[in-house]
Amino acid sequence: MWIIVPLLCGLIFGAGLLISGMVQPTKVLGFLDIFGAWDPSLAVVMAAALAVSMPGFRLADRGAQPWFAGQYFRPGKSGIDLPLVTGAALFGIGWGLVGLCPGPALESLATLSPGVIVFVVAMAAGMIAHDAWQQSRLTAQRERQLAGAPDG
Amino acid sequence: MANFTPVSAAIGGVLIGLSAVLLMLSTGRVAGITGIFGGLLNLRSEDKGWRIAFIAGLILAPVIAGWIGYDMAAPKLPASWVVIVVAGLLVGFGTRLGGGCTSGHGICGIARLSPRSIAATIVFIVTAVITVAITHHMLGG
C-alpha cells in the first residue's frame, strides 16, 4: 500500500504546477521573456517551493532512513563539470523554444494535445539517445581497459 | 508585469515543495522529473513502481481538477512541428546529460545547496532567456 504515497506526491506536484500556472508554456515564456512583458511568477514558485523544501530536507537529513526504503538516494556527484554545463545549456535552449520542461510536459499529456504527445515522445527519444550514448562510451572504455590490462 | 500572479504562484510553489519533501521522507528519492521519467525509460532499472505511481499522479492531477470544474486548457505550442521535435530532443538529451531539470536541480538540488544544482539552474535559465530573446525579439516570432 506504500505505493499510494508516491502517487499522492505526483498528485500534489501536479496540483502545484496547475495552480501556479506553470503547466502553461505561455506563463513560463512570460518569465523567460525579460525583454518583453516580464512575468516574475516562476521566481515566486521557486522561492515558495524552496521555502518548504529547504527545512523539509533538513528534517530528512536527521532521520536515519525513509519510511518505505532502506536508505536515502542522494545524488553522489559534487563537482561542476562539462557534462553538467553542456546538458543544462541544451535543456535551456529546448525549454526556451517551447516553454515546456519535463514535469509540465508529462502533466500536459492529460489534455491529449497532439503537440504535447509529440514533444514527450521526442523528449523520451532524447533521453534514450543520451543513455545509449553513455552506455556505448562506458563499454568502449571498459574494452580499452581490458585490452590494456596485463594477462591474467 | 500585468501577468504577474504572485498568490497562485506562491500556493503552487508550496505544494511543489511539500511534494518533494514527502517523496524524500517516504521513499528517500529526489523529486526530479528527469530522474523519475528517465529511470522509467531505462529497461534495466528495477525500481519502476514508485516512478510509475508518481507520474500517474502527475497526469491524474488535471483530470481530477477537471472533475471538480477546473478544466486545464491545452498548452499553447509553436505551430512548427520541427520546433516541437527539436525542443523535445534538446530537453530530453540535455536534462539527462546535465543530470536534472527545473525540479531536480531548481528545487531539490538548490534546497540542498548543491553547487552543481545552483550552477545548472543558472545555466538553463540564462540559455532559455537568451533563446526567448532571439526567437521572440530578433526573429520577430
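Mentor: Helices (H or I, at least four residues) and strands (E, at least two) are DSSP runs, numbered from the N terminus. This is a predicted model, in which local features need pLDDT of at least 70, side-chain atom pairs count only at pLDDT 80 or more, and totals for chains, interfaces and linings use all residues. Residues are numbered from 1 along each chain as its sequence is written, while chains are lettered from A and ligands numbered from 1 in the order in which they are written.

Trainee: What makes up chain A, in helices and strands?

Mentor: Chain A has 6 helices and 0 strands. Its pattern along the sequence is α-α-α-α-α-α.

Trainee: How do you know how the radius of gyration of chain A stands against a compact globule?

Mentor: The radius is taken over C-alpha atoms, and the globule rule is 2.2 Å times the number of residues to the power 0.38. For 152 residues a compact globule would be near 15 Å, but chain A has 20 Å. The C-alpha trace of chain A spans about 65 × 40 × 30 Å along its principal axes.

Trainee: Why is Ala9(B) counted as buried or exposed?

Mentor: A residue is buried if 20 or more other C-beta atoms lie within 10 Å of its own, exposed if 12 or fewer, and partly exposed in between, with C-beta atoms placed from the backbone. Ala9(B) has 28 C-beta neighbours inside 10 Å, so it counts as buried. Ala9(B) lies in helix α1 of chain B. In chain A, buried residues make up 47% of the 152 residues.

Trainee: Which residues does Ala9(B) touch, leaving out those up to four places away in sequence?

Mentor: Contact requires C-beta atoms, placed from the backbone, within 7 Å. On that basis Ala9(B) touches Ser20(A), Ser41(A), Val44(A), Val45(A) and Ala48(A). The whole contact takes 102 residues from chain A and 100 residues from chain B. By class, the side of chain A that touches chain B has 71 nonpolar, 26 polar and 5 charged residues. Here Ala, Val, Leu, Ile, Met, Phe, Trp, Tyr, Cys and Pro count as nonpolar, Asp, Glu, Lys and Arg as charged, and the others, Gly among them, as polar.

Trainee: What is the angle between α1(A) and helix α1 of chain B, and what does that make them?

Mentor: Axes are lines fitted to C-alpha atoms, for helices over the stretch in contact, and angles run from 0 to 180 degrees between N-to-C directions. Angles under 35 degrees count as roughly parallel, over 145 as roughly antiparallel, 65 to 115 as roughly perpendicular and the rest as oblique. α1(A) and helix α1 (residues 6-27) of chain B pack at about 165 degrees, with their axes 7 Å apart. That makes α1(A) roughly antiparallel to α1(B).

Methods. Contact = placed C-beta atoms within 7 Å.
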